Amino acid sequence: MHHQTVLSRLDHPRFSDKGIDVWIKRDDLNHPTIQGNKWHKLKLNLQQARLEGKTTLVTFGGAYSNHIAAVAAAGKNLGFETHGYIRGEELRDTPNKWSLTLTEAARKGMLLHFISRSDYRLKQSPEFLSTLNTCHPNAYILPEGGTNELAILGFKEICKDLETQCPEWTHLYTAVGTGGTLAGFITNTQYQANRQLLGVSTLKDSNYLIEDISTWVEKASNHQTNAWKLLQDYHGNGYAKSSQDMEDTETWFEENFGILLDPIYTRKLIFAFLAELDKNHIPSGSKVILYHSGGLQGRKTKH
Ligand SMILES: *Cc1c(COP(=O)(O)O)cnc(C)c1O
């Protein structure tokens with residue numbers, strides 16, 4: 001099932017002038033419909049759902065959630081019925097205002113249930129989960145963003161790949177939403193004294209993520225883990241928000257390297273990496289991997 005993607009070298013004077021080698025792990029190419037980090041997060045959960053004889057997948061997300069898109073695609077490919085609980089009841093009767101993510105999810109057969117923001121906040125409560133179990137008796141319930149123990153374990157293979165593709169890497173940068181992907185890299189990467197994992201938060205006020213990630217790491221890892229940090233200065237005014245600076249960075253990157261970025265995660269990842277480089281936070285001699293976590297389905301805008 002595992003398909004190893006290329007690790008591409010990025011050559012640019014901006015990097016070589018600082019004595020730094022840079023690669024990008026092209027996981028935007030890892031699966032035709034369940035792209036990027038979402039594939040790693042889902043694959044073991046899908047196996048588990050099969051194993052338990054479940055026929056339905058139930059999950060949660062906002063209107064632009066790549067996780068919703070991935071679950072809809074997984075359901076269609078593997079024959080699960082899918083239900084998505086979507087934040088924002090005002091969207092219920094206005095399909096003309098749906099994001100491309102929602103339109104595509106519905107087209108793939110996902111049944112969308114729109115709920116208010118206050119109900120959405122209660123989605124992990126025992127009451128709500130028990131209602132869900134009653135409404136969907138043979139369902140496998142995936143949390144928002146798909147982050148759970150099996151999701152984190154799903155990064156084992158890609159970490160092994162990186163060990164063979166570039167054993168001497170010192171820095172890995174990845175974009176952070178729930179932190180599951182960063183936790184996956186932290187727990188499955190071999191320890192080396194000079195290694196660091198850097199998560200770029202895409203949300204404002206994301207201090208709580210440090211505790212979430214630490215908890216996942218403590219639960220999942222049985223070895224000494226590498227140093228890691230959550231970079232919180234590059235959210236660009238909040239989730240799915242952007243700035244001219246960030247858009248210019250995306251254009252610069254796409255023109256120089258011919259690799260597309262998504263507007264919510266990987267654009268901020270590259271922006272953060274370049275800013276850290278300009279601030280001389282990355283020592284000469286470093287070997288940096290940028291993780292392209294996919295998300296390109298959310299790139300196209302609907303007209
Ligand atoms: C969902 C997503 C992330 C964030 O992943 P988490 O595990 O929730 O931190 C990053 N990049 C892309 C492209 C995503 O779709």
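In which helix does Lys38 lie? In this predicted model, Lys38 lies in helix 2, an element that spans residues 37-51. The UniProt annotation "modified residue: N6-(pyridoxal phosphate)lysine", taken from an unreviewed entry, covers Lys38. With a relative accessible area of 10%, Lys38 is buried, because the cut-off for a buried residue is under 20%.

Lys38 also belongs to the surroundings of the ligand. There are 15 residues around the ligand, and those that come nearest are Lys38, Lys41, Thr178, Thr181 and Ser293. An N or O atom in the side chain of Lys38 is 2.7 Å from an oxygen atom of the ligand. Backbone atoms take part as well: a polar backbone atom of Gly177 is 2.8 Å from an oxygen atom of the ligand, and a distance of 2.8 Å likewise separates a ligand oxygen atom from a backbone N or O atom of Gly179. The ligand taken alone exposes 390 Å², of which the protein buries 98%.

The shell around the ligand draws on several secondary-structure elements. At least two residues each are supplied by helix 2, by strand 7 (171-176) and by helix 9 (180-188). Helix 2, the element that holds Lys38, gives the largest share, with three residues. Sorted by class, the shell comprises 10 polar, three nonpolar and two charged residues. At the level of domains, residues of the shell come both from domain 1 (7-33 + 148-298) and from domain 2 (37-141), and the ligand therefore lies between the two domains.

A further annotated position is Ser65, at which UniProt, again in an unreviewed entry, places the feature "active site". Ser65 is found in a loop that runs between strand 3 (56-61) and helix 3 (66-78). The relative accessibility of Ser65 is 10%, so this residue counts as buried.

Helix 9, one of the elements that supply the ligand shell, also contains Thr187. Thr187 has a relative accessibility of 5% and therefore counts as buried. A polar atom of the Thr187 side chain lies 2.9 Å from the backbone oxygen of Ala183.

Notes. Residues are numbered from 1 along each chain as its sequence is written. This is a predicted model: local features need pLDDT of at least 70, side-chain atom pairs count only at pLDDT 80 or more; totals for chains, interfaces and linings use all residues. Side-chain values use heavy atoms; hydrogens and water are left out. A residue is near a molecule or strand if one of its heavy atoms lies within 4 Å of it. A polar contact is a pair of N or O atoms within 3.5 Å; within protein, one must be able to donate a hydrogen and the other to accept it, and residues adjacent in sequence count only if both atoms are side-chain atoms. Accessible areas come from the Shrake-Rupley method with a 1.4 Å probe; for residues, only the protein chains shown count as cover. Helices (H or I, at least four residues) and strands (E, at least two) are DSSP runs, numbered from the N terminus. Ala, Val, Leu, Ile, Met, Phe, Trp, Tyr, Cys and Pro count as nonpolar, Asp, Glu, Lys and Arg as charged, and the others, Gly among them, as polar. Domain bounds come from an automatic or database domain assignment. UniProt positions are given in the numbering used here, feature names are shortened, and annotations may be inferred rather than shown by experiment. Buried means under 20% relative accessible area, exposed over 50%, partly exposed in between (1.4 Å probe, protein chains only).
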